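User: I would like to go through this structure with you, asking at each step what a label rests on. Please set the values against the definitions as we go.

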Amino acid sequence: MKTENKRTIAFGVCLVLTFLSKSSFIYAQEKYVVSGSVTDEVTGETILGANVIVPQLNIGVITNEYGFYSLTLPAGTHRILISYLGYQTIAREITLSQNTKIDFTMAEEVNQLDEVIVEQNVEKNSVRTPQMSVNTLTSKSIKKIPAVLGEPDVIRSILLLPGVSNAGEGASGFNVRGGGADQNLILLDEAIVFNTSHLFGFFSVFNTDAIKDLKLYKGGIPARYGGRLSSVLDIYQREGNKKEFKMNGGIGVISSKLLLEGPIVKDRGSFLVAGRSSYAHLFLQAAGEETTASFYDLNTKLSYRLNDNNSLFLSGYFGRDNFEIGDSFVNTYGNSVANLRWNHLFSEKLFSNLSLIYSDYYYGLELDVRGFEWESHIINFNLKYDLKHYLSNKLTLDYGINNIYYRFRPGEIRPNSEDSGIVEEEFTNKYGNEFAAYIDAEHRVTDRLSLRYGLRWSYFNRLGQDEFNVYENDTPLIYNEAFQIYQGADPIGVESFDRSESLAEFNNFEPRAAVSYLLNDATSLKLSYNRMTQYLHLLSNTNSPTPLDVWTPSGPYIEPQILDQYAIGFYKDFANQEYSLEMEAFYKDIDNRIDYIDGADLIANEDIEQVILNGEARAYGLEVLLRKNRGRLNGWIAYTLSRSEQRTPGRTPNEPGINNGEWYRALFDRPHDLAVNASYKINDKWSLNGNFIYQTGIPTNLPIGQVEQLGLTVPIYGGRNESRLTDYHRLDLSATLTPRKNKNRKWQSEWVFGFYNIYNRRNAASYSFEENRETGQNEAIRTAIFGIVPAISYNFRF
């Protein structure tokens with residue numbers, strides 16, 4: 001027994017020593033970091049969203065917003081694959097014996113007609129990552145989509161995605177998952193854009209030639225974003241060609257554009273200048289029309305790499321719209337933004353970006369009949385510091401801070417002539433400061449399970465102003481039980497506060513979480529939750545934003561809006577990623593959603609607290625997106641089934657609230673929304689593109705009856721938003737001609753022929769009622785904006 005025990009002990013000791021020796025070897029095996037950037041071979045521009053993968057180890061990463069990547073690998077030789085939509089995949093062997101910096105340059109893919117090989121389609125959700133409810137579009141995809149009057153348009157392109165709609169033709173803004181247009185955070189190179197429209201919604205302010213990439217987050221929103229409830233539209237401008245001077249442009253039916261780009265110092269710095277201008281007003285004036293409309297905008301960007309660890313970027317945008325009715329009415333509005341950014345690499349694993357941002361939204365009005373000029377501004381200064389920390393291949397952290405100072409100038413009225421009789425007056429300016437700090441983690445727990453979790457803390461301080469109304473019992477809106485109507489209360493006093501004082505303070509924790517579970521290599525399930533807080537409010541009772549709308553900050557009488565959103569998704573790739581299916585169900589709950597009492601007057605109203613009530617809103621639905629990702633024919637089918645509702649109960653049992661405190665349809669409720677987009681390449685010379693849209697008509701208020709009183713016909717209305725406009729649908733087609741002689745010369749060109757609403761559907765924008773003089777009966781008159789609209793444009797580059 002003793003001998004046997006000794007043998008057992010000896011065997012155990014040998015086993016432990018063997019295990020320890022192997023473990024020591026494993027843990028002693030050195031690991032090193034390979035990092036760098038991925039750029040375009042021709043232009044030198046960074047590529048964001050490129051895949052950097054080590055297949056043997058089943059690990060990988062995507063490049064960040066500035067084209068940077070970082071991977072930690074064991075010492076030795078590895079095969080790395082770099083892929084991106086529309087580019088040739090790079091396969092390279094590297095040998096690591098120390099931390100190494102490797103920059104990759106990618107060449108555009110030469111498309112074959114029978115099949116376009118795509119390693120990874122950046123425009124579809126990856127089945128592996130926990131990020132869900134996000135859609136990506138490239139500039140190339142946007143330019144393929146037929147658009148009104150032949151001008152490619154960012155906003156009209158995202159309307160083809162599931163869960164996105166708007167109020168119809170000629171409407172600015174967009175609605176995401178049953179949310180208001182004011183609940184979208186729109187960023188151009190990180191700068192906030194308050195109005196996205198040219199010509200009252202016919203065009204957007206974004207020049208597709210100057211855009212590199214855009215992402216629309218509808219849910220599962222990362223913690224670095226905040227300040228709005230429904231979505232984030234994050235748009236990045238191109239940096240400009242670092243290799244050689246280039247120029248491209250286009251001539252359309254009512255507008256033209258031109259872009260210049262080139263190196264400041266070759267391979268080190270670049271510039272980009274892009275401008276657009278409309279000229280339809282010249283034809284209208286020549287035809288003797290008094291009503292004219294025009295726009296212009298300018299995009300600029302400078303980039304310079306100081307050294308391997310530091311880069312500077314300066315970008316800007318300036319745009320203006322002008323609408324005139326003779327000399328009696330002039331309306332001017334537009335955005336101005338500027339952003340100075342500094343990229344710094346602390347180490348191979350820690351990337352940072354510091355941004356100083358200025359944004360100004362301007363609105364001006366001259367009414368000669370009344371003898372006055374009016375202008376207003378929303379000005380903000382934004383300081384952002386964001387860091388991305390690649391702790392390991394399984395854990396990446398994003399963290400940072402953000403501070404925005406707001407100055408709201410609601411309006412300044414001046415006489416435009418000496419005998420106008422108007423007294424110069426400026427409405428009380430409002431001020432606010434919004435601070436936020438966040439941390440976000442992307443964590444690959446196992447090969448099948450991935451998590452994304454984070455927390456954002458936001459703090460809003462409504463700062464002092466020169467005049468602030470004080471009401472009895474802090475109640476600016478009272479209910480008159482005798483007349484059964486809401487009325488604005490009379491202020492009992494006016495107080496003045498220094499800018500350093502605080503009128504109200506709000507702070508909120510905003511958790512974010514998402515999980516992805518891989519069922520197999522081509523199928524996954526995802527869940528997400530996010531809480532968002534919005535401290536700014538758009539004061540508008542129209543279906544879509546207009547330049548007359550006014551923004552106001554939260555304060556003593558206006559609570560911030562708070563959203564909780566839950567989503568579940570199913571994702572699957574078919575036929576070696578030739579097809580992909582994305583299905584998501586969502587539910588949104590919103591507190592403190594503003595609504596307006598019946599008869600509320602919002603224009604030039606300094607005492608807005610006298611016409612608003614706080615309520616709640618909810619939206620829920622199912623989104624389906626089926627994509628065909630490669631081949632001669634590619635595109636997608638998007639369908640959304642959803643509801644969006646609002647409720648504003650009375651503050652006491654004696655008050656009815658709005659709509660008697662019952663749920664009613666939100667203005668942007670569209671139960672059915674179908675969009676089909678397709679592109680077909682016939683040959684090297686011709687390609688066809690088309691899209692079809694069907695949407696349930698938007699809610700509205702139409703009479704349900706009428707009564708005669710004192711010889712007058714008085715309409716009777718039902719509950720709020722009980723009626724709808726007729727359903728909306730249209731078909732757009734375009735054909736692109738690329739001359740074969742392009743191949744061997746520097747001057748490249750193409751012709752684009754298009755038809756918007758090709759079967760001439762007269763979609764209702766609104767209904768008005770008037771009496772038929774022959775029958776004496778009231779009749780509904782439908783107003784439609786567009787029928788069929790042909791377009792032709794010529795694009796060139798060299």
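The exchange below takes up the labels in turn.

User: What kind of model is this, and how are its residues numbered?

Analyst: This is a predicted model, in which local features need pLDDT of at least 70 and side-chain atom pairs count only at pLDDT 80 or more, while totals for chains, interfaces and linings use all residues. Residues are numbered from 1 along each chain as its sequence is written, and side-chain values use heavy atoms, with hydrogens and water left out.

User: How many helices and strands does the chain have, and what makes a run count as one or the other?

Analyst: The chain has four helices and 53 strands. Both are DSSP runs numbered from the N terminus, a helix being H or I with at least four residues and a strand being E with at least two.

User: How do you know whether the radius of gyration agrees with that of a compact globule?

Analyst: The rule for a globule, with the radius taken over C-alpha atoms, is 2.2 Å times the number of residues to the power 0.38. For 798 residues this gives a value near 28 Å, and the chain has 29 Å, so the two agree. The C-alpha atoms fill a box of roughly 115 × 75 × 50 Å along the principal axes.

User: Why is glutamine 183 called buried, and where is it found?

Analyst: Buried means under 20% relative accessible area, exposed means over 50%, and partly exposed lies in between, with a 1.4 Å probe and protein chains only. Glutamine 183 has a relative accessible area of 1%, so it is buried. It is found in the loop between strand 11 (175–176) and strand 12 (184–188). Across the chain, buried residues make up 53% of the 798 residues.

User: Which residues is glutamine 183 in contact with, leaving aside its neighbours within four places in sequence?

Analyst: Contact means heavy atoms within 4.5 Å, and on that basis glutamine 183 is in contact with Arg228, Leu229, Ser230, Ser231, Gln534, Gln561, Ile590 and Arg593, once neighbours within four places are left aside.

User: What makes strand 12 and strand 17 a pair?

Analyst: Two strands pair if DSSP finds at least two bridges between them. Strand 12 and strand 17 (residues 231–237) have five bridges in the parallel sense, and leucine 188 stands opposite isoleucine 235 in strand 17. Both strands belong to an open sheet of five strands in the order 9-16-17-12-13, with mixed pairing. Strand 9 (134–138) and strand 13 (191–192) stand at its edges with a single partner strand each, so one side of each is left without a neighbour in the sheet.

User: Why is strand 1 described as largely enclosed, and which strands does it pair with?

Analyst: Nine of the 10 residues of strand 1 (residues 31–40) are buried, so the strand is largely enclosed by the rest of the structure. Strand 1 runs antiparallel to strand 4 (residues 68–74), joined by seven bridges, and there valine 33 has threonine 72 as its bridge partner. With strand 7 (residues 100–101) strand 1 pairs in the parallel sense over two bridges, and with strand 8 (residues 104–106) it pairs in the parallel sense over three.

User: Why is the pair of tyrosine 363 and tryptophan 374 called edge-to-face?

Analyst: The structure holds 30 aromatic pairs. The ring centres of tyrosine 363 and tryptophan 374 are 5.6 Å apart and the planes stand at 75°, so the pair is edge-to-face. Rings of Phe, Tyr and Trp (its six-membered ring) pair if their centres lie within 6.5 Å, and planes under 30 degrees apart count as stacked, over 60 as edge-to-face and the rest as tilted. Tyrosine 363 is in strand 24 (residues 350–367) and tryptophan 374 in strand 25 (residues 372–390), 11 residues apart. Tyrosine 363 counts as buried at 3% relative accessibility, and tryptophan 374 does so at 8%.

User: How do you know whether methionine 247 is buried or exposed?

Analyst: Methionine 247, in strand 18 (residues 246–251), has a relative accessible area of 18%, and therefore it is buried. Its contacts, leaving aside neighbours within four places in sequence, are Leu258, Leu259, Leu260, Phe796, Arg797 and Phe798.
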